[in-house]
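Q: I should like to learn how to read a protein model one feature at a time. May we proceed step by step?

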Amino acid sequence: MTAPDSSTPARADAAAPDRPETGGLAGEILQALKYRIGKDATVATDHDWLAASIKVVRDRVIERWIASTKDAYARERKRVYYLSMEFLIGRLMRDAFSNIGMLDEMRAALKLLGVDLDRIAELEPDAALGNGGLGRLAACFMESMATVDIPAHGYGIRYVHGLFRQEFSNGWQVELPETWLSHGNPWEFERREGAYEIGFGGTVESVTTRQGRLENHLWKPQDHLLATPYDTPVVGWRGRRVNTLRLWTATPVDPILLDRFNAGDHIGALEESNKAEAITRVLYPADSHKAGQELRLRQEYFFTSASLQDIVHRHLAVYPDLTNLPDKAAIHLNDTHPAVAVAELMRILMDVHRHDFDTAWDITRGTIAYTNHTLLPEALESWPVTVFERILPRHMQIIYAINAEVLLEARARGLDDEAIRNISLIHEDGERRIRMGNLAFVGSHSINGVSALHTGLMKETVFADLHAVYPGRMNNKTNGITPRRWLFQCNPGLTGLVRETIGDAFLDDIDRLADLDRYADDAGFREKFAGVKRANKERLAAVIHERTDIRLDPSALFDVQIKRIHEYKRQLLNILEAVALYDQIRAHPEIDWVPRVKFFGGKAAPSYHNAKLIIKLVNDVARVINSDPAVRGLLKIVFVPNYNVSMAELMVPAADLSEQISTAGMEASGTGNMKFALNGAITIGTLDGANVEIDERVGRDNIVIFGLTADEVAAKRAEGYRPREVIQSSRNLAHALEAIRAGRFSPDEPERFAGLVDGLEERDWFMVAADFDAYAGAQRAVDRMWKNSPGWTKAAIHNTARVAWFSSDRTIRDYARDVWKVPVA
């Protein structure tokens with residue numbers, strides 16, 4: 001008998017005669033199926049069962065959602081408003097079922113009905129609302145805020161297609177539209193009554209008093225559209241609180257221009273509709289051209305303006321004016337994308353509510369806080385003044401006024417001309433551009449980095465002069481991950497073993513995981529721990545075989561690097577070491593090589609040529625190595641297509657080795673490193689981002705550190721780094737690069753990767769060549785560790801037991817205490 005697919009009635013033959021008609025949770029599911037889906041159980045598909053099951057649990061969630069909202073209003077609690085371009089929430093079914101305490105009950109009820117919960121859960125689409133760590137962090141934070149009982153709203157964009165769906169065509173990345181909303185989203189609720197009008201362009205009129213003073217300003221936008229909210233409940237652990245994720249969709253004020261349609265211009269009649277819908281269609285449209293850059297700016301202002309209008313509306317529904325806004329609202333900017341919030345809140349306060357500049361500036365700075373996530377110049381956004389002024393003319397005036405205030409204050413503090421230039425919100429060298437990172441900094445009362453190293457580098461580099469002017473504003477809040485999704489849900493085998501060993505206390509207090517540490521010396525526990533890992537690897541191997549037709553040996557070392565493809569994350573270093581290892585395996589078959597599978601996963605930005613070329617290189621190398629009988633199966637390369645949250649939930653529990661190999665000083669924090677360590681993977685990494693703190697927590701015997709430090713990278717660049725000489729001194733690296741340049745892995749186009757090789761020889765900004773020998777040596781140290789199976793498992797257990805500090809609950813409590821000034825449970 002073949003297994004039913006999504007278009008086949010999901011009824012199990014053996015269970016059908018005993019299927020209950022009414023009563024209990026199973027009866028509720030049948031009622032939802034009949035009256036809310038419109039299907040009888042005998043013809044229901046797996047998608048129908050999924051929808052009915054979600055609606056049954058959603059009803060319980062809604063009750064707690066409404067209660068949480070009423071409680072916040074009744075007690076006049078201060079709220080956190082978290083603005084982020086990304087919320088990589090993944091699938092919500094297991095998250096909600098588990099957090100509200102109904103996962104086991106629903107599994108049992110569905111089993112009575114002949115339905116497998118795990119099977120229907122696989123049908124829920126991943127919400128395509130993010131690209132990587134930034135969006136996943138926002139999702140973890142929203143769940144943790146609900147868990148520790150902080151009233152909070154997340155604000156973002158309801159992308160119709162989100163980030164693209166990745167496929168490979170002959171090894172090249174191909175971007176296809178993601179269709180996660182094609183069958184609707186059962187978790188969301190449209191709130192038409194909460195729509196706001198958003199303007200762009202136009203003119204600004206000033207009103208002058210008889211005394212010659214500018215009294216107020218009237219912005220008359222040329223273009224208008226509506227921001228309509230869709231609300232999704234975010235359930236905290238044990239259902240203690242349910243918060244709201246509010247995502248905005250753009251719609252035209254007039255969906256069709258009937259006069260143009262009736263005149264025969266059927267396409268032109270939809271122009272306004274298309275312009276509006278483009279804003280919320282795709283996450284991070286390619287910005288290699290002006291049209292893409294303008295769309296990005298419009299996206300950022302669209303969701304920021306809608307969110308701030310909503311926040312102000314909520315506040316004024318309870319309080320008579322906005323003077324106490326900092327006491328009742330904490331607006332948090334997740335990276336630089338929503339930095340225009342500083343100017344928009346000033347506009348609302350001054351132009352709509354008639355506060356003077358000084359009062360508005362005090363309210364704005366008292367309310368807004370800013371998290372910086374990167375030191376990369378391209379991520380510290382800047383916009384051409386001409387473009388910004390055309391799209392947001394009133395905001396340009398406000399930014400000039402803020403800049404004058406800031407520069408006068410800096411001059412009064414005695415800063416020199418160079419420091420003044422660095423602090424200015426307007427970059428004057430060449431094309432004049434607005435520095436959005438500087439705007440976010442000066443408009444916030446708190447600015448934080450996301451690891452100890454990153455925060456220190458912020459103070460020394462990109463924000464050094466601003467830190468000198470405002471020395472008390474910068475602080476560190478090391479990132480974290482929610483253990484509910486990244487242990488309890490994605491690794492039920494390990495969670496069950498931990499419960500069996502140390503009890504259930506860690507479920508509510510993740511710090512109690514430390515109780516597991518002493519069992520690392522217990523041979524019986526090590527065997528069980530290794531058994532869980534083996535089962536997770538078998539599960540991943542089965543999925544990989546199904547999707548790629550590549551057979552994997554679960555007894556091999558699973559070496560995993562899954563993250564956004566970027567040169568500073570150094571997937572190139574990883575694949576170069578694989579090429580060198582391939583050559584050594586072929587040249588020295590007498591050596592007892594450790595069988596290894598190298599997994600890659602991640603997407604490259606559509607206009608990022610080198611990142612896409614690295615994907616092609618990995619796939620070309622994989623094709624050659626995986627089909628070479630001389631390798632004897634000792635090395636395999638797998639690039640998993642369309643990496644997303646659901647695939648991470650499979651790969652993280654199965655990983656033996658976690659690749660965290662970014663150029664030191666360039667990764668703000670990382671959260672993948674935390675997920676892998678929590679699930680018993682050993683990290684190979686540089687002293688970058690949160691790797692530094694993971695090293696301190698797990699101990700140097702339980703992590704593999706290599707390469708240049710951030711200070712050494714800076715010194716090497718300053719002294720005149722010559723990568724060609726480094727390559728010539730490294731026999732293995734030189735041979736690997738020559739093989740790639742000669743076309744061994746691209747015989748159809750031998751020159752395909754010449755540009756990558758030339759870039760390493762001539763510039764190597766990301767220190768791939770400089771760290772290659774250290775990385776290769778660290779990988780051979782990993783081999784030696786792996787051969788000592790009890791020692792490897794002991795180190796893996798120490799990782800799981802010692803990284804509870806990296807829970808997002810701890811991070812959120814730190815924000816609540818130091819930044820938002822709100823109480824927590």
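A: Certainly. Please keep in mind that this is a predicted model. We shall begin with a strand and its neighbours.

Q: How many of the 13 residues of strand S9 are buried?

A: A residue counts as buried when its relative accessible area is under 20%. In strand S9, which covers residues 223-235, 10 of the 13 residues meet that description, so the strand is largely enclosed by the rest of the structure.

Q: With which strands does S9 pair, and in which sense?

A: One looks for the bridges between strands and for their direction. S9 pairs with S5 (residues 189-190) in the antiparallel sense over 2 bridges, and one bridge joins Glu190 to Tyr230 of S9. S6 (residues 196-200) is also antiparallel to S9, with 5 bridges; here Ile198 has Leu225 as its bridge partner in S9. Finally, S10 (residues 242-252) runs antiparallel to S9 and is joined to it by 11 bridges, with Val235 bridged to Val242 of S10.

Q: What lies between S9 and S10 in their hairpin?

A: The two strands are separated by 6 residues, and in the turn Arg238 has a positive phi of about 65°.

Q: In what order do the strands of the open sheet with parallel pairing stand?

A: To read a sheet, one lists its strands from one edge to the other. This open sheet has 6 strands, in the order S20-S19-S18-S21-S22-S23, and their pairing is parallel. The edges are S20 (635-640) and S23 (704-705); each has a single partner strand, so one side of each is left without a neighbour in the sheet. S19 (residues 596-601) runs parallel to S20 and is joined to it by 6 bridges, among them the one between Lys598 and Ile637 of S20. Helix H22 (residues 523-548) packs on this sheet, where it touches S18 (557-562), S19 and S20, and its direction makes about 65° with that of S18.

Q: Where is Lys569, and is it buried or exposed?

A: For a single residue, one asks for its place, its accessibility and its contacts. Lys569 stands in the loop between S18 and helix H23 (571-587). Its relative accessible area is 7%, which is under the 20% cut-off, so Lys569 is buried. Apart from neighbours within four places in sequence, Lys569 is in contact with Gln561, Lys563, Arg564, Ile661, Ser662 and Glu667.

Q: How does Arg512 read in these terms, buried or partly exposed?

A: Arg512 is found in the loop between helix H21 (505-508) and H22. Its relative accessibility is 37%, and it therefore counts as partly exposed. Leaving out residues up to four places away in sequence, Arg512 touches Ile502, Ala505 and Phe506. Its C-alpha atom is separated by 17 Å from that of Phe525, which is 13 residues apart from Arg512 along the chain.

Q: How is the aromatic pair of Tyr370 and Phe463 arranged?

A: One considers the distance between ring centres and the angle between ring planes. The count for this model comes to 24 aromatic pairs. Tyr370 and Phe463 form one that is edge-to-face, with 6.5 Å from centre to centre and 75° between the planes. Tyr370 lies in strand S12 (residues 368-371) and Phe463 in the loop between helix H17 (452-460) and helix H18 (464-469), so the pair ties together parts that are 93 residues apart in sequence. Tyr370 is buried, at 0% relative accessible area, and Phe463 is buried as well, at 1%. Elsewhere, Tyr81, Tyr155, Tyr196 and Trp248 form one aromatic cluster.

Q: Where does the charged end of Arg473 sit?

A: It sits over the ring of Tyr470, 3.9 Å from the ring centre. Arg697 lies over the face of Trp805, at 4.2 Å from the ring centre.

Q: At what angle do helices H6 and H34 cross?

A: For two helices, one compares their axes. Those of H6 (residues 133-147) and H34 (residues 808-820) come within 9 Å and cross at roughly 75°; the helices are therefore roughly perpendicular to each other. Where they meet, H6 contributes Cys140, Phe141, Ser144, Met145 and Thr147, and H34 contributes Ser808, Asp809, Thr811, Ile812, Tyr815 and Trp820.

Terms used:
Residues are numbered from 1 along each chain as its sequence is written. This is a predicted model: local features need pLDDT of at least 70, side-chain atom pairs count only at pLDDT 80 or more; totals for chains, interfaces and linings use all residues. Side-chain values use heavy atoms; hydrogens and water are left out. Buried means under 20% relative accessible area, exposed over 50%, partly exposed in between (1.4 Å probe, protein chains only). Helices (H or I, at least four residues) and strands (E, at least two) are DSSP runs, numbered from the N terminus. Two strands pair if DSSP finds at least two bridges between them. Rings of Phe, Tyr and Trp (its six-membered ring) pair if their centres lie within 6.5 Å; planes under 30 degrees apart count as stacked, over 60 as edge-to-face and the rest as tilted. A charge sits over a ring if NZ of Lys or CZ of Arg is within 6 Å of the ring centre and within 35 degrees of the ring normal. Contact means heavy atoms within 4.5 Å. Axes are lines fitted to C-alpha atoms, for helices over the stretch in contact, and angles run from 0 to 180 degrees between N-to-C directions. Angles under 35 degrees count as roughly parallel, over 145 as roughly antiparallel, 65 to 115 as roughly perpendicular and the rest as oblique.
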